[in-house]
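Colleague: Hello! Could you show me how to read a few features of a protein model, step by step?

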Amino acid sequence: MAWALVNKSRGDLAAAEALVAQALALKAHSYAYNILGMVKAQQGDFTEAASQFAKAASEASQSLTFVSNLAGALLLSGDVQSARRAYERALGLRPGDCRTLISHANASMILEDYKAADASLRRCLERVPDNPAALSLLTLAQLEDGQVDTARTTVEAVRRLRPAAADRLLAEIELREMKPQAAIDLLTPLADDDEEVAYLLAYAHAINGEMDRAVELTNRVAAGTEQRTGPRAARMVFSAAANGVWAEPVDVAQDGTPGGKLLAFLDGCRLAAAGD
């Protein structure tokens, strides 16, 4: 088992997987399943990783690490409901663990269960009032739940800890309230260092009627990144503007990347504007 970990740390995943298989041939062992799960996760096979982590968590049901690994793999495989249940199982082992509470809240956000996300984050903040990750996610949960004024208050708590993160969150609030210029002013200084921010900035320019600037920015970002835009930015980018101003969202770009999809969305906006 030790050599399997050594090979994994060296990046020799095939050797690590072979050694784990040898260990499992001798006797089932939770640590072997966990290592194999980590190997599969590094290979990008999150469904198989979840299967291995599930075996580890079955062999050692009181292991927070194994259950948390299972939850994370399930989330990455797209099985968000099962991931949330696994995080709940982890919380049964350590009820006040902030990392698990934040992960549970994130899964709840993806499921659009903003009340559950709010509850988990507040449990974390009762223990660690200045946890910036919990405060940031709480802002988004409040915003998605329609509590705009409360979200603005929470942003100021984030600002004391992470000013740049607060500006991005505030920009999302401004976009929700159809104040794109205010969002542009906040996002522009941050866009060079963050792909998601750059896409949000492009979206803000589109909402502000500056289509050429939106397309230019999207092309520039898409050309220089590996397209790792997260789900929240993707939802913002691919949605139509509020109040039916733009056409329905267009999600048909042939390359399937966030940049390509945004360009297709902007093309739809242009067609809609031309037809008015």
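We will go through a disulfide, a helix, some backbone angles and a buried residue.

Modeller: This is a predicted model, so local features need pLDDT of at least 70, side-chain atom pairs count only at pLDDT 80 or more, and totals for chains, interfaces and linings use all residues. Residues are numbered from 1 along each chain as its sequence is written, and side-chain values use heavy atoms, with hydrogens and water left out.

Colleague: How many disulfides are there by the rule?

Modeller: A disulfide is a covalent bond between the sulfur atoms of two cysteines. The rule asks for a pair of cysteine sulfur atoms within 2.5 Å, and the count comes to one. Here cysteine 98 is joined to cysteine 124, with 2.1 Å from S to S. Cysteine 98 sits in helix 7 and cysteine 124 in helix 8, so the pair ties together parts that are 26 residues apart in sequence. Helices are DSSP runs of H or I with at least four residues, numbered from the N terminus.

Colleague: Why is this disulfide called right-handed?

Modeller: The torsion about the S-S bond of cysteine 98 and cysteine 124 is about 105°, so the disulfide is right-handed. Both cysteine 98 and cysteine 124 are buried. Buried means under 20% relative accessible area, exposed means over 50%, and partly exposed is in between (1.4 Å probe, protein chains only).

Colleague: What span does helix 11 have?

Modeller: The expected span of a helix is 1.5 Å times one less than its number of residues. Helix 11 has 14 residues and reaches 20 Å from its first C-alpha to its last, close to the 20 Å expected. Its buried residues include Leu169 and Ile173.

Colleague: Which phi does methionine 178 take just after helix 11?

Modeller: Most residues other than glycine have a negative phi. Methionine 178 has a positive phi of about 60° although it is not a glycine. Methionine 178 lies in the loop between helix 11 and helix 12, and is partly exposed at 31% relative accessibility. Glutamate 112 also has a positive phi, of about 65°. Glutamate 112 belongs to the loop between helix 7 and helix 8, and is exposed, with a relative accessible area of 57%.

Colleague: Is threonine 139 buried or exposed?

Modeller: Threonine 139, in helix 9, is buried, with a relative accessible area of 1%. Contact means heavy atoms within 4.5 Å. Leaving aside neighbours within four places in sequence, threonine 139 is in contact with residues including Ala151, Val155, Leu169 and Ile173.

How values were computed:
Helices (H or I, at least four residues) and strands (E, at least two) are DSSP runs, numbered from the N terminus.
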